[in-house]
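Reader: I would appreciate a close look at one part of this model, with its pairing described residue by residue. Please state any cut-offs as the terms arise.

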Amino acid sequence: SQTVVRNAEGALEVGGLDVREIVERVDTPAYVMDEVDFRARARAFRDAFSGWDVYYAAKSFLCTISARWIAEEGLCMDVCSGNELTVALAGGMPAARIGFHGNNKTVAELTQAVEAGVGRIIIDSMTEIERLQAICAEREVTARVMVRVTAGVEAHTHEYIATAHEDQKFGLSITGGQALEGLLACHAAPNIELRGVHSHIGSQIFETAGFEVAIRRTLELHRAFLDATGEHLPELDLGGGFGIAYIAADQPRSAEHLAGAMQALVHRECRGLELDQVPHLSIEPGRAISGTPGMALYRVGTVKMVTLAEGVQRCYVSVDGGMSDNIRPALYGAEYSATLASRASDAGPLLCRVVGKHCESGDILVRDEFLPADIAPGDLIAVPAAGAYSRSMASNYNHALKPPVVGVRDGELRTLIRRETMQDLLALDAGWTPDA
Ligand code: LLP
């Protein structure tokens with residue numbers, strides 16, 4: 001997990017900066033992204049999976065500058081909206097290294113992707129095949145595609161972030177036959193170049209067992225395609241979902257371990273194939289790159305004791321952010337840790353619940369955490385490993401202003417995304433008059 005360093009004064013340091021100094025400059029709540037760590041994790045995947053293509057899942061955290069980091073580290077990028085595509089391109093991602101996802105891409109988005117010349121489009125429905133064929137035919141171009149399939153795997157994760165079981169909106173079913181049908185329709189479409197099969201089994205996965213099943217089933221599908229057409233599919237994408245350490249109990253695998261295990265599984269399933277018939281592989285890690293390098297910083301506003309039972313108390317520590325900047329605990333029951341960031345303390349441990357400032361009792365950031373018993377208003381709280389799916393899923397609930405994300409490196413700080421202002425929000429409110 002992220003190395004949390006305390007300096008001589010007992011305050012946390014990130015990227016060579018004291019968090020108190022960061023807060024002095026950008027206020028709270030704020031997200032701090034350690035550029036060196038982000039890049040190192042991107043590189044670790046690229047190096048461990050050498051010979052594969054590694055697509056960074058931009059939905060986990062995207063801005064122009066982080067897109068540039070990914071481009072510079074030599075990775076590819078997965079985007080899943082036309083707007084993500086715009087940012088990726090603005091950050092310098094070459095279109096050829098971008099994959100475009102989505103279960104309901106609009107005609108405008110597909111057109112944008114085709115005109116930008118993205119490296120591949122991941123087909124998610126039969127409707128989309130016709131749509132894409134028409135767009136490409138009109139422009140006399142060919143689009144490279146992968147077909148997203150559901151491999152029928154039960155990933156052991158929260159229902160809303162598991163994606164390869166049958167009864168959900170993504171992909172075409174292998175067992176139901178739609179996957180092969182989709183492959184054959186792509187094969188028959190004159191302006192579509194079919195590259196292979198795509199499978200993403202879910203998120204925050206620690207075991208390789210799910211990938212094993214997915215590899216077996218997707219390669220069976222490749223064989224079924226070969227039987228039907230006499231042609232080998234040249235590529236296979238195994239998606240993302242590699243788990244990270246949000247709390248001490250989480251035991252993530254290193255990129256090397258994952259690469260070794262997945263390579264071995266593919267080789268086992270490809271026994272008997274000529275080397276040039278083994279598909280070229282790719283993966284799509286998101287949080288495994290962006291999660292751990294990001295830290296949320298909040299200021300404690302109020303502290304309140306609640307009696308749970310005779311002699312048992314819980315302290316509610318309210319901070320100045322919450323579900324509007326990190327909805328993961330409220331949405332998935334996701335667990336994080338919290339730590340007193342602005343000072344050291346010798347006080348004993350106190351059972352705390354770190355909550356936000358929103359009008360919902362479910363607005364909890366960290367359900368159970370021991371913080372020093374002298375925790376008090378004005379203290380800074382850090383929530384480590386919060387870089388993925390936090391700012392990118394932020395909302396304006398209660399007219400909260402989305403927090404900034406600052407990058408830190410070698411003691412230098414720079415704004416990646418500035419804090420939203422009330423003017424930004426009011427600009428959307430058609431009834432608001434500036435002089436009112
Ligand atoms: N590839 C595809 C096709 C995906 O749909 C996703 C995530 C990824 C790759 C990257 O997954 P990762 O490596 O980051 O786990 N918002 C939820 C997760 C939803 C992810 C959606 N797709 C969360 O906060 O846990």
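Reader: In what sense do strand 14 (residues 294-309) and strand 19 (residues 380-383) pair, and over how many bridges?

Author: The model is predicted, so to speak of local features requires pLDDT of at least 70, and side-chain atom pairs count only at pLDDT 80 or more, while totals for chains, interfaces and linings use all residues. Residue numbers start from 1 along each chain as its sequence is written.

Strand 14 and strand 19 pair in the antiparallel sense, over 4 bridges. Strands are DSSP runs of E with at least two residues, helices are runs of H or I with at least four, and both are numbered from the N terminus; two strands pair if DSSP finds at least two bridges between them. Within this pairing, leucine 297 faces alanine 382 of strand 19.

Strand 14 also pairs with strand 4 (residues 30-34), again antiparallel and over 4 bridges. Here tyrosine 31 has alanine 296 of strand 14 as its bridge partner.

A further partner of strand 14 is strand 15 (residues 312-319), to which 8 bridges join it in an antiparallel arrangement. Methionine 305 is matched with cysteine 315 of strand 15. These two strands form a hairpin with 2 residues between them, and in that hairpin glycine 311 adopts a positive phi near 80°. In general, the strands of a sheet pair through backbone hydrogen bonds, either parallel or antiparallel.

Antiparallel pairing also occurs towards the start of the numbering. There, 3 strands make up an open sheet in the order 1-2-3, with antiparallel pairing. Strand 1 (5-6) and strand 3 (17-18) are its edge strands, each pairing on one side only. Strand 1 is joined to strand 2 (residues 12-14) by 2 bridges, and arginine 6 lies opposite leucine 12 of strand 2.

The surroundings of the ligand complete the description. Of the 22 residues around the ligand, those that come nearest are Ala57, Ser203, Gly240, Gly286 and Tyr389; a residue is near a molecule if its C-beta atom, placed from the backbone, lies within 6 Å of it. Helix 10 (287-290) and helix 11 (328-332) are the elements that give two or more residues to this shell. By class, the shell holds 8 nonpolar, 9 polar and 5 charged residues, where Ala, Val, Leu, Ile, Met, Phe, Trp, Tyr, Cys and Pro count as nonpolar, Asp, Glu, Lys and Arg as charged, and the others, Gly among them, as polar.
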